[in-house]
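Thanks for coming. I will take a few minutes on one structure, so please have the sequence and the model open.

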Amino acid sequence: MKLLILGDSHTAALKRGVDQLEANGALDPSLSLSVYPLGTGARLSKPFWQPAAGYAAITDNKYSKKLDRVPPKGETCDAVGLSMPLWYARVMRAMLEQGLCLPGTGQGQVISNAVFRQMVLADQEHILGFIDHLLSVGLPVFAIETPGVFRDNRFIGRMGAQAVLAVHQTYTMIMRRELAKRGVAIVDVPPESRDDEGFTRLEHRHEDPTDAHHGNIGFGVMMIYGIEVWARDFAASKALRA
């Protein structure tokens with residue numbers, strides 16, 4: 001089975017995980033994984049693709065240097081994995097930098113859950129459209145969850161842990177519902193990788209001490225194992241339907 005994996009900067013940890021597993025001879029030999037970290041997720045809230053017959057053309061001038069179409073010309077894949085739909089930080093930054101919070105979660109200016117949902121859907125408009133197009137041309141899509149919030153997130157001192165976690169968790173809940181409507185499965189961050197409050201454990205934090213947002217190579221390996229489990233289940237379900 002051939003999987004194409006692409007997305008925001010969190011995809012870099014997935015690529016590092018693949019490279020380490022490959023070097024150790026530990027990748028599932030029944031799978032072929034092509035991983036494309038396109039770049040910063042900040043650009044994904046703007047138009048970055050256009051529909052084409054049988055594929056999606058990547059039009060963002062930064063992303064297209066890594067991958068100019070999905071699937072790549074002359075290649076096929078059995079499914080596309082996206083590290084895009086569950087990245088919450090664009091909206092988190094926009095909210096918390098302005099002192100906004102969700103009801104009952106902090107001392108800032110409160111916005112309603114309905115307004116927050118509209119913010120999330122506006123933020124994800126082009127990603128959801130991308131997913132819809134890939135599905136329409138017959139490409140199965142799955143989503144890959146990103147690490148979540150670490151305890152040293154820079155907004156905690158400003159807005160409090162509850163306000164920060166609420167944005168992440170509510171954003172994720174909204175997007176899970178949107179993905180479920182489309183039949184898009186999610187490779188989840190394992191629950192044991194988060195503490196009782198919902199913070200991602202620091203053992204998964206990026207090796208760079210100045211980076212309090214991305215996962216490390218161990219996180220990437222963990223998520224690749226999760227992708228392998230999903231792929232085996234997906235292959236088995238296809239075989240049953242055949």
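I will start with the whole chain, then go through two helix packings, and end with a few single residues.

First, the status of what is on the screen: this is a predicted model.

Overall architecture. The protein chain has 7 helices and 10 strands. Taken along the principal axes, its C-alpha atoms fill a box of roughly 55 × 40 × 35 Å. How does the radius of gyration agree with that of a compact globule? For 242 residues the compact globule would be near 18 Å, and the protein chain has 18 Å, so the two agree. Of those 242 residues, 52% count as buried. As for contacts, take pairs of residues at least 6 apart in sequence: 76% of these contacts join residues at least 24 apart.

Now the helices, beginning with α2, residues 89-96. This helix is mostly covered, with 6 of its 8 residues buried. Those buried residues are Ala89, Arg90, Val91, Met92, Met95 and Leu96. Note that an arginine, Arg90, is on that list. What do the buried residues of α2 pack against? Their partners are the strand β7, at 100-101, and the helices α3, α4 at 125-136, α5 at 156-159, and α6.

Of those partners, I will look at α6 in detail. The axes of α2 and α6 cross at roughly 145° and come within 10 Å. The crossing is right-handed. On the α2 side the residues are Arg90, Val91, Met92, Met95 and Leu96, and they meet Val164, Val167, His168 and Tyr171 in α6. By class, the residues of this contact divide into 7 nonpolar, 1 polar and 1 charged.

Helix α6, residues 161-181, also packs with α3, residues 113-123. Here the angle is about 60°, and the axes are 10 Å apart. Since oblique covers the angles outside the parallel, antiparallel and perpendicular ranges, and perpendicular starts at 65 degrees, α3 is therefore oblique to α6. This crossing, too, is right-handed. From α3, the contact uses Phe116, Arg117, Val120, Leu121 and Asp123. From α6, it uses Val167, Thr170, Tyr171, Ile174, Met175, Glu178 and Lys181. The residues of the contact divide into 7 nonpolar, 1 polar and 4 charged. If you compare the two lists, Val167 and Tyr171 of α6 appear in both contacts.

Next, single residues in strands. Ala56 is found in strand β4, residues 55-58. Is Ala56 buried or exposed? Its relative accessible area is 0%, so Ala56 is buried. Leaving out residues up to four places away in sequence, Ala56 touches Trp49, Gln50, Asp68, Arg69, Val70, Phe130, His133 and Leu134. For a distance across the model, the C-alpha atoms of Ala56 and Gly183 are separated by 19 Å, and the two residues are 127 apart along the chain.

Ser83 lies in strand β6, residues 79-83. With a relative accessible area of 2%, Ser83 is buried. With the same exclusion along the sequence, Ser83 touches Leu6, Gly7, Asp8, His10, Thr11, Leu14, Ile144 and Thr146.

Last, one backbone detail. Which peptide bond is cis, with omega near -5°? The bond from Val70 to Pro71. Pro71 is found in the loop between β5, at 69-70, and β6. Val70 is also one of the residues that Ala56 touches.

That is what I have; the floor is open.

Methods:
Residues are numbered from 1 along each chain as its sequence is written. This is a predicted model: local features need pLDDT of at least 70, side-chain atom pairs count only at pLDDT 80 or more; totals for chains, interfaces and linings use all residues. Side-chain values use heavy atoms; hydrogens and water are left out. Axes are lines fitted to C-alpha atoms, for helices over the stretch in contact, and angles run from 0 to 180 degrees between N-to-C directions. Helices (H or I, at least four residues) and strands (E, at least two) are DSSP runs, numbered from the N terminus. Angles under 35 degrees count as roughly parallel, over 145 as roughly antiparallel, 65 to 115 as roughly perpendicular and the rest as oblique. A crossing is left-handed if the near helix is turned anticlockwise from the far one by less than a right angle, and right-handed if clockwise. Contact means heavy atoms within 4.5 Å. Ala, Val, Leu, Ile, Met, Phe, Trp, Tyr, Cys and Pro count as nonpolar, Asp, Glu, Lys and Arg as charged, and the others, Gly among them, as polar. The radius of gyration is taken over C-alpha atoms; the globule rule is 2.2 Å times the number of residues to the power 0.38. Buried means under 20% relative accessible area, exposed over 50%, partly exposed in between (1.4 Å probe, protein chains only).
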